[in-house]
Every structure is written in structure tokens, then in C-alpha cells.
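Welcome, and thanks for taking a look at this structure. Here is a short briefing to help you find your way around.

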Amino acid sequence: MAKKDFQVSRIRHFIEQSWLLITASFFFGLLIAVTNAGLSPRIEQNKINKRNRLVGALLPEAKNFVSLDTEIEIESLQGKKEKVEVYRAMSAADECVGWSFNAAGPGFADRIELVIAVDARFEKLAGFDVLSSNETPGFGDQIKYDYYRDQFKGAPAGALKLVSIGEPGTIDSQIVAISGATVSSEAVVEIVSNSVTQIKAQMQEKGIIGHVKQQ
Amino acid sequence: MSSSSDAKAAPYSQTLLAGLWRENPVFRLLLGMCPTLAVTAAVKPAFTMGCCVIFVLLCSNVIVSLMRNLLKPHLRILMFTLTIATFVTVADLFLKAFLPRMSETLGPYVPLIIVNCIIICRAEACASKNPLVVSIIDAVGMGVGFTLTLCVLAAVRELLATGKVFEVQLMPEAFVPWAAMSMPVGAFITLGLLLGLVNAATGKKA
């Protein structure tokens, strides 16, 4: 009996102490859930608009982006299997002018998320842009600068190699690192190489790229 | 009648002015240094950050003031943090939805408002001990004081780094921009100089 009373008093004490915290957590959680539900379509649309804007700059002929029905799954740099949404970039005349997809990997400070565009035959890169990154301002964030990004435009869509010395103006599979930001430069090269080679192989395997060649 | 309303009005105006100058969070209390240094490279992000802080400060002061008599002393910091985190998340979602580019510019500094000492300091020092009206006035005073300070700091940095303020060219064409002013070093130098000026103006000694 005494043990039961002790337990009841403990439960009562717990409720007395924490009821405000529990109630407040419930209502605050509800407020966040309602706000999120109300705003998430708009936030998602903003992301799509940004992506289309960035890819549109890389593939100027593209007027529309159509999601590929076939499922593409690649192994990320951390060894995880990840599904990739590949978009077919269509021109005003409804012809395929290229492909684009998102790819991500670890950077120097945080995860780097890129949008990558390749030509219709998946032979050359049309370039990349940074969707999100937290690289060091003045150093690592130079991955967003044209002089670094331009090295990827026209580079072969396959394995790329980072070099410390070279001519950034030469378009080939060698990418010249940003001085003082080798880790960020290497991260981008690895993300691009890893995603492009795997997606290309899978698309060839599934006959998707061959279909484009016939067009 | 009028003397009694004057007596009531005096503490309210004192509370409002305290945040603007006498207890200015940045220049006098040295609180909220992280956003002060991080987002003041230009006036627009500084102003947006200030508005977010006003919103969070106002909401958290209102909630804390309303539940001040229910707070358990040992759980109060937890309640403050929970309240602040909720409104910061709401502010962050609104920025992402309606000002996506500004949200990207401010980056992690919006979620970091959760650990901004000004807000938890006002919850502890004012809202948990005062009625609703005083807490609201205190939040407005402190929030506007913080925003104005951030904008002054950002205006000086943006002007010296780019020759412009709010994208309006103010410096003559011959002016050579000081790129360092838009970097962290510029933030430290400008804040240090402004703090020195404020101390000199108020006769405060180190």
C-alpha cells in the first residue's frame, strides 16, 4: 500500500513539474507542423525554380525539364545507395538538348549539393552550379566562381582529375584546383566524376542514351 | 488624471529607450555578437536579420510573459529555449518561402538566432518578471536597437567595401573599394571602432 502511494506521489510530482513543458511542446510542435505544411509547397517550388534557373544557364537551349521515368540509383561517395532524379532538358522544338541531375557529397565544412548538366549524348559536361554549400568564404566558396566552374564546361563526361598546377583555360579532364582550397576543389571533382560516370553507365545499360542518339 | 497617466507612461518610454541606447544590446551589453559580425557585410541582410530577431524576440517575450507565473525555476531555461526555437523555425520557414535568396545569403545564421543571447537574456531579465505590456515594449526597444546597430555597422562596411549602400552608389568613382571590409576582418575592425566611438561619446572607460 505504502509502495503504491509512493508511486502515485511520484507520478503526481512528475506531472506537476512537467505539464507546462509537455503542453507547450505539443502546441509549439503543432505550430511548426502547420507552418511547414502551409509553406512547404512554396519552398519546394522555390527549389525547383532555382534548379531550373541554374540548369537553364548551363543549357541555354533548354525550355522545359522532364523527369526521367526510369529509376537511376548511384553509390554516393560515402558508400550509400542514393536515388537520383535525372531530368531531360527539352528545347522549344521538343528535342532533347541535354540532361541534368543533382549530386551531393562531403565538402570541407559541410555537404556540397550541385546541379550538373551534360549534353544530349552524355559525352561532354555542360557544367555545374552550386545548389547549397557552406565552404569557407574567400577560399572554398570560390567553387561558385566562373573561373573554376568554366573548366568543367565541355570537359569529357567521365572521370575527372584534380591537378594543382595547370592552365584553367584548357578544357580537358584535368581540373586545376583553387589555390588555398584544395579540399573543396577535390570535393567538387569527386562529386561530378562519381555521379556522371555511374549515371552514364546506367543510362547506357538501360538504352536511354542510345535512344537520344537516334533522335 | 494626467499626472497618473504620465507616471505610467514614464516607465514604458524608459523601457523602450533603454533598448535603443542606454542598454543597447550590441554597443552597451555586447550581446548577439555572432550575427553582428557575420551578416553585416551589406545592409539588406543585416536589416532582414534584424527583422527576424524583432519577430522572435517579440513572440518569445509575449509567450514567456504570459506563462511567467507557471514557470518552474529549474525548468525555465528549457522553456525559454523551446519557445525561442519554435519561433526561429517559423521565421526560417517564412524566409525560405518568401525570400529564398535572402535565406541563402543569411545561411545558418537564421537558425542560429536560437542561441542569440539577446533573446534569452530578455526572456530571463524582463519577460519572466514583468507583465505583458512591459515585455512587448522591451522586445520592441531591444529588437529595434539591435536592428539599427546592425544596419549602422553594415552601412559603414558596405560603403567602404563597395562604395554603395543599399545598391546606391555613394562614393566618387575614384574611390578604390576596400575588399577587406566585406570579410570578417572588416567586421571586427568596424565593430571595434564603433564601440570605441560609443564609449568615447558616453564617457565610459574600459
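Helix α8 of chain B covers residues 184-202, 19 residues in all. Its first and last C-alpha atoms lie 27 Å apart, close to the 27 Å expected at 1.5 Å a residue. Please keep in mind that this is a predicted model.

**Around helix α8 of chain B**

- Four names make up the buried residues of α8(B): B:Gly186, B:Ala187, B:Thr190 and B:Leu191.
- These buried residues span an arc of only 120° around the axis, so they sit on the same side of α8(B).
- On the face turned away from that buried side you will find the exposed residues B:Val185, B:Phe188, B:Gly192, B:Leu193, B:Gly196 and B:Ala200.
- The cover over the buried residues of α8(B) includes α2 (33-38) and α7 (132-162) of chain B.
- Just after α8(B) comes B:Gly203, which has a positive phi near 70°.

**Two helix residues to visit in chain B**

- B:Ile84 belongs to helix α4 of chain B, which runs over residues 76-98.
- Is B:Ile84 buried or exposed? It is buried, because 23 other C-beta atoms lie within 10 Å and 20 or more are enough for that label.
- Leaving aside residues up to four places away in sequence, B:Ile84 touches B:Val56, B:Ser60, B:Ile114, B:Ile119 and B:Ile120.
- B:Ile84 and B:Asn116 are 32 residues apart along the chain, and 9.5 Å separates their C-alpha atoms.
- B:Ala155 can be found in helix α7 of chain B.
- With 18 other C-beta atoms within 10 Å, B:Ala155 is partly exposed.
- B:Ala155 touches B:Val43 and B:Val165, again not counting residues up to four places away in sequence.
- From B:Ala155 to B:Pro177 is 22 residues in sequence and 14 Å in space, C-alpha to C-alpha.

**The sheet of chain A**

- In chain A, 5 strands make an open sheet with antiparallel pairing, in the order β1-β4-β5-β6-β7.
- Which strands of chain A stand at the edges? They are β1 (64-67) and β7 (125-132), each with a single partner strand, so one side of each has no neighbour in the sheet.
- From one strand to the next, the twist averages 25°.
- Strand β4 (residues 86-90) of chain A is joined to β5(A) by 5 bridges, and the two run antiparallel.
- Within that pair, A:Val86 stands opposite A:Phe101 in β5(A).
- Strands β5 (residues 96-106) and β6 (residues 111-119) of chain A also pair in the antiparallel sense, over 9 bridges.
- A:Ala104 has A:Glu113 in β6(A) as its bridge partner, and A:Gly105 is matched with A:Ile112 in β6(A).
- β5(A) and β6(A) form a hairpin, with 4 residues between them.

**Another strand pair in chain A**

- Strand β2 (residues 72-75) and strand β3 (residues 81-84) of chain A pair in the antiparallel sense over 4 bridges.
- In this pair, A:Ile74 stands opposite A:Glu82 in β3(A).
- The hairpin of β2(A) and β3(A) has 5 residues between the strands, and A:Gly79 there takes a positive phi near 90°.

**Positive phi outside glycine**

- Most residues other than glycine have a negative phi.
- A:Asp94 is not a glycine, yet it has a positive phi of about 65°.
- A:Asp94 lies in the turn of the hairpin that β4(A) and β5(A) form with 5 residues between them.
- A:Asp94 counts as exposed, with 9 C-beta neighbours inside 10 Å.
- B:Leu30 is not a glycine either, and its positive phi is about 50°.
- You can find B:Leu30 in the loop between α1 (2-22) and α2 of chain B.
- B:Leu30 counts as partly exposed, with 13 C-beta neighbours inside 10 Å.

**Where the chains meet**

- How many residues of chain A are in contact with chain B? There are 17, and they meet 18 residues of chain B.
- The side of chain A that touches chain B is made up of 8 nonpolar, 7 polar and 2 charged residues.

Terms used. Residues are numbered from 1 along each chain as its sequence is written. Chains are lettered from A and ligands numbered from 1 in the order in which they are written. This is a predicted model: local features need pLDDT of at least 70, side-chain atom pairs count only at pLDDT 80 or more; totals for chains, interfaces and linings use all residues. Two strands pair if DSSP finds at least two bridges between them. Axes are lines fitted to C-alpha atoms, for helices over the stretch in contact, and angles run from 0 to 180 degrees between N-to-C directions. Two residues are in contact if their C-beta atoms, placed from the backbone, lie within 7 Å. Ala, Val, Leu, Ile, Met, Phe, Trp, Tyr, Cys and Pro count as nonpolar, Asp, Glu, Lys and Arg as charged, and the others, Gly among them, as polar. The expected span of a helix is 1.5 Å times one less than its number of residues. A residue is buried if 20 or more other C-beta atoms lie within 10 Å of its own, exposed if 12 or fewer, and partly exposed in between; C-beta atoms are placed from the backbone. The arc is that of the directions from the helix axis to the C-beta atoms.
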